[in-house]
Amino acid sequence: MKPQKLKIFNGIGKQIIILPRKSQVKMFETIAILVIFFFLIVLGFSFYAKLQKITAQREIAEKTTDDAVRIAQEIYYLPELQYTEKNDPKGAIDLYKLNHTKSIIDLNPEYYFNVIGYANVSIQSIYGEQLIQNPTVIYFNPKTDYSDLITTHLPILLYNPLSGKYSFGVIDIGVYI
Amino acid sequence: MKKAQTEIIGLAVIVLLVSIAILFALQFIIMKQPTDITKEYTYKELAANTLSTALKTTTDCNNMQLDQIVTSCILGESTLPCSPYQNPCIYATEVFNEIFDNTLEKWNMNYYLLISGTQSSPQITIGTPCTGETTPSSPCCPLPNSIMAKLDICS
């Protein structure tokens, strides 16, 4: 491809200015369009990647909350904790059962791992009769390589069958991600 | 450079700017958190559980449950047989405050409790009414039909 030559004469001597040909201009245009095109592709891809990351984070957070709610329900209905009268659950946690639940869980770690998984569960009394240990940790199984710990709280009734008093308690569930 | 070429480059720049603007707009729309059903469910459960659990709690006043004290307050039935709180409305508010201070306040949640009866009867209100999104508690609790108890958790 030969460039166009333009000869210009001035007082000192001869000077040559090289101007691009029409085909070269077209090539420059094509390259410019390609650069813009690839720039748009890269921008779109980075946008898509960011979107995917946000969606994934949201799904993880949603799943963790689901897990926490599920664990709270599981704990709430555990016969090891529920206060019952003639096998009829009364919708409260028995304070006397609560004091022995951890030892039962510690004896059967595999069974409770299948039910609860990697989480920490503790129960504390907020108003009314205080627990022997406040909060009482009933399950403690941390994940070794976790990125976050999401804690959920669920108010529950604590019942003392001897005094017949109900206390206001809270189950704290920490789920490891 | 010819006039047509200049126009094409100008057009390309405009297309580029519009594309960037659209991408940014999309990003802001997607980044905005949608109404999370799980979160709403959790908040609703929390509101309902907090209120129903609090009302069933046995208080220090003659082993009365909080719902009995609230009923006495709203219906204006009697004074309480315990000192120093002989006014059931003041005592119920004290107990609710103690519970909420150690739960919802501690978890940095804004809330509004309203227990009311007929128009002329006294009311129990704690917290400030929610201005934005609200998750109300489900109708609940062992209270007489004429008494309405509602706990809103402000999202």
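Over all chains, this predicted model holds five salt bridges. Three of the pairs listed below are in chain A, and the tour begins with them.

**Stop 1: the salt bridges of chain A**

Select A:Asp67 and A:Lys63. These two residues form a salt bridge, with 3.2 Å between the closest N and O atoms. Both belong to helix α1 of chain A and sit four residues apart, about one turn of the helix. A:Lys63 counts as exposed because its relative accessibility, 52%, is over the 50% cut-off.

Stay on the helix and select A:Arg70 with A:Glu74. Here too there is a salt bridge, the closest N and O atoms lying 3.7 Å apart. The spacing is again four residues within helix α1 of chain A, about one turn. How accessible are the two partners? A:Arg70 has 35% relative accessibility and counts as partly exposed; A:Glu74, at 34%, counts as partly exposed as well.

Now select A:Lys90 and A:Asp88. Their side chains meet in a salt bridge with an N to O distance of 3.2 Å. A:Lys90 is partly exposed at 36% relative accessibility, and A:Asp88 is partly exposed at 37%.

**Stop 2: the interface of chain A and chain B**

Show both chains and select the residues in contact. The selection should hold 33 residues from chain A and 39 residues from chain B. Between them the two chains bury about 3,100 Å², and 70% of that area is on carbon and sulfur atoms. On the chain A side, highlight A:Phe47, A:Tyr127 and A:Phe168: these residues lose the most area to chain B, together 23% of what that side buries.

Which elements of chain A give two or more residues to the side that touches chain B? They are α1 (22–76), β5 (119–127), β7 (149–160) and β8 (165–176). Colour α1(A) separately, since the largest share of this side, 18 residues, comes from that helix. By class, the side of chain A that touches chain B has 18 nonpolar, eight polar and seven charged residues.

How many salt bridges cross the interface of chain A and chain B? The rule finds zero. Polar contacts do cross between the chains: three residue pairs are found, with both residues of each at pLDDT 80 or more.

**Stop 3: B:Thr53**

Select B:Thr53, in helix α2 (residues 37–56) of chain B. Is this residue buried or exposed? B:Thr53 is buried, because its relative accessible area of 6% is under the 20% cut-off. To see what lies around B:Thr53, add A:Pro155, A:Ile156, A:Leu157 and A:Phe168, which B:Thr53 touches, leaving aside residues up to four places away in sequence. A:Phe168 was highlighted at the previous stop, as one of the three chain A residues that lose the most area to chain B.

**Stop 4: chain B as a whole**

Hide chain A and colour chain B by secondary structure. Chain B has four helices and four strands, and along the sequence they follow the pattern α-α-α-α-β-β-β-β. Of its 155 residues, 42% count as buried. Among the contacts in chain B with a separation of 6 or more, 56% are between residues 24 or more positions apart. Finally, turn on the surface of chain B: its accessible area comes to about 9,000 Å², and 56% of this belongs to carbon and sulfur atoms.

Notes:
Residues are numbered from 1 along each chain as its sequence is written. Chains are lettered from A and ligands numbered from 1 in the order in which they are written. Side-chain values use heavy atoms; hydrogens and water are left out. Contact means heavy atoms within 4.5 Å. Buried area is the accessible area (1.4 Å probe) that two parts lose on being put together, summed over both. A salt bridge is a side-chain nitrogen of Lys or Arg within 4 Å of a carboxyl oxygen of Asp or Glu. A polar contact is a pair of N or O atoms within 3.5 Å; within protein, one must be able to donate a hydrogen and the other to accept it, and residues adjacent in sequence count only if both atoms are side-chain atoms. Ala, Val, Leu, Ile, Met, Phe, Trp, Tyr, Cys and Pro count as nonpolar, Asp, Glu, Lys and Arg as charged, and the others, Gly among them, as polar. Buried means under 20% relative accessible area, exposed over 50%, partly exposed in between (1.4 Å probe, protein chains only). Accessible areas come from the Shrake-Rupley method with a 1.4 Å probe; for residues, only the protein chains shown count as cover.
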